[in-house]
Amino acid sequence: VYEQGLTLLGLTSEDRTEPFEGSTGVTHPVLNEACTQFQAQAYKELLPAGGPVRSHILGKVTPEKEAQADRVKNYLNYVITEEMEEYDPDYDQMLYYLGYGGSSFKKVYYDGEFGRAVSPYVLPNDLIVPYGSRDLQTADRVTHVLRVSPNELRKQQVSGFYRDIDLQDPVQTLRDEIEDKVDRITGIEPGSDPHDYRLFEIHTNLDLEGFEDLDEDDEPTGVKLPYIVTLNADTGDILAIRRNYRADDPKRRKRQFFVHYKFLPGPVSQLDLDPTPAD
């Protein structure tokens, strides 16, 4: 449905033989106009010229707290508008997909290569959760489908971010229908460059031997703890397993990296995501 709707944006035309030979293949761009208007209005509200961050003081307001709140607000706005060069265009693009598809995502995390936080947008077809999940925080598993170039993957192996193991050449996979449709609309044709690796970054709960959750008597409780497992989607080779809770957190709560934007809540409580399991 998501990719079929791209045809209704009115950005392309097609030759048709139905309902008769030579019938028009032009679609009115009213859907595209509505998405663009939503994008422009939301952008103006969420990314004003002074920056998107606002401060709010809890409790008694004092001059010291007001000054501290202003410092935090100004610093965060500086980071987002000046240091995070990709934040503005990525957020703008995300808002268009939000108006079109009704659901979109951003991933907020610290990038070691850039030495700062990043916040790219994530399309719904690149995020996989179990069917029936109500939200990302309570979902038992959230899988982010990553596409990494061979050189970028090698750099991450050398830096120690991923295991330094021999990997087969990336498998050529069929482009998904959304990517293929967007390429046809924008007039882009896939080149002959080396294919990217497809990785599954799985945010889940595990009971790992030697790292079990222990009770007061140092006995395993059987409770699964939050971890992030990254593996090669084509071969199943595990590239990394990392703890996904703070070491000083006694409750070992899952750290959440994804932000879900909803155009309308809708009548269904489940997440509007790809329900295909990432086994």
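The protein chain folds into 6 helices and 10 strands, where helices (H or I, at least four residues) and strands (E, at least two) are DSSP runs numbered from the N terminus. This is a predicted model, in which local features need pLDDT of at least 70, side-chain atom pairs count only at pLDDT 80 or more, and totals for chains, interfaces and linings use all residues. Residues are numbered from 1 along each chain as its sequence is written, and side-chain values use heavy atoms, with hydrogens and water left out.

Let's begin with the chain as a whole. Of its 279 residues, 33% are buried; buried means under 20% relative accessible area, exposed over 50%, and partly exposed in between (1.4 Å probe, protein chains only). Contact here means heavy atoms within 4.5 Å. Among contacts between residues at least 6 apart in sequence, 61% join residues at least 24 apart. The accessible surface comes to about 18,100 Å², and carbon and sulfur atoms account for 51% of that; the areas come from the Shrake-Rupley method with a 1.4 Å probe, and for residues only the protein chains shown count as cover.

Now to the sheets. Strands of a sheet pair through backbone hydrogen bonds, either parallel or antiparallel. Two strands are taken as paired if DSSP finds at least two bridges between them. One open sheet has 3 strands in the order β4-β1-β10, with antiparallel pairing. β4 (121-122) and β10 (258-262) are its edges, each with a single partner strand, so one side of each has no neighbour in the sheet. Strand β1 (residues 103-107) is joined to β4 by 2 bridges and to β10 by 5 bridges.

β1 is mostly covered, with 5 of its 5 residues buried. Ser 103, Phe 105 and Lys 107 point one way from the strand, while Ser 104 and Lys 106 point the other way.

The second open sheet is built from 5 strands in the order β5-β6-β7-β8-β9, again with antiparallel pairing. Its edge strands, β5 (127-128) and β9 (238-243), each pair on one side only. Within this sheet, β7 (residues 197-206) and β8 (residues 225-232) pair over 8 bridges.

Here are three bridge partners from these sheets:

| Residue | Bridge partner | Strand of partner |
|---|---|---|
| Phe 105 | Val 122 | β4 |
| Ser 104 | Tyr 261 | β10 |
| His 203 | Ile 228 | β8 |

What lies across β1, β4 and β10? That is helix α4 (residues 87-101), running at about 155° to β1. Axes are lines fitted to C-alpha atoms, for helices over the stretch in contact, and angles run from 0 to 180 degrees between N-to-C directions.

Helix α4 also meets helix α2 (residues 30-46): their axes come within 8 Å and cross at roughly 135°. That makes α2 oblique to α4, given that angles under 35 degrees count as roughly parallel, over 145 as roughly antiparallel, 65 to 115 as roughly perpendicular and the rest as oblique. The crossing is right-handed; a crossing is left-handed if the near helix is turned anticlockwise from the far one by less than a right angle, and right-handed if clockwise. Residues of α2 at this meeting include Leu 31, Cys 35, Phe 38 and Leu 46, and those of α4 include Tyr 91, Leu 95, Tyr 96 and Leu 98.

Finally, a look at one loop. Ser 149 lies between β6 (142-148) and α5 (150-158). Its relative accessibility is 31%, so Ser 149 counts as partly exposed. The C-alpha atoms of Ser 149 and His 195 are separated by 7.0 Å, although these residues are 46 apart along the chain.
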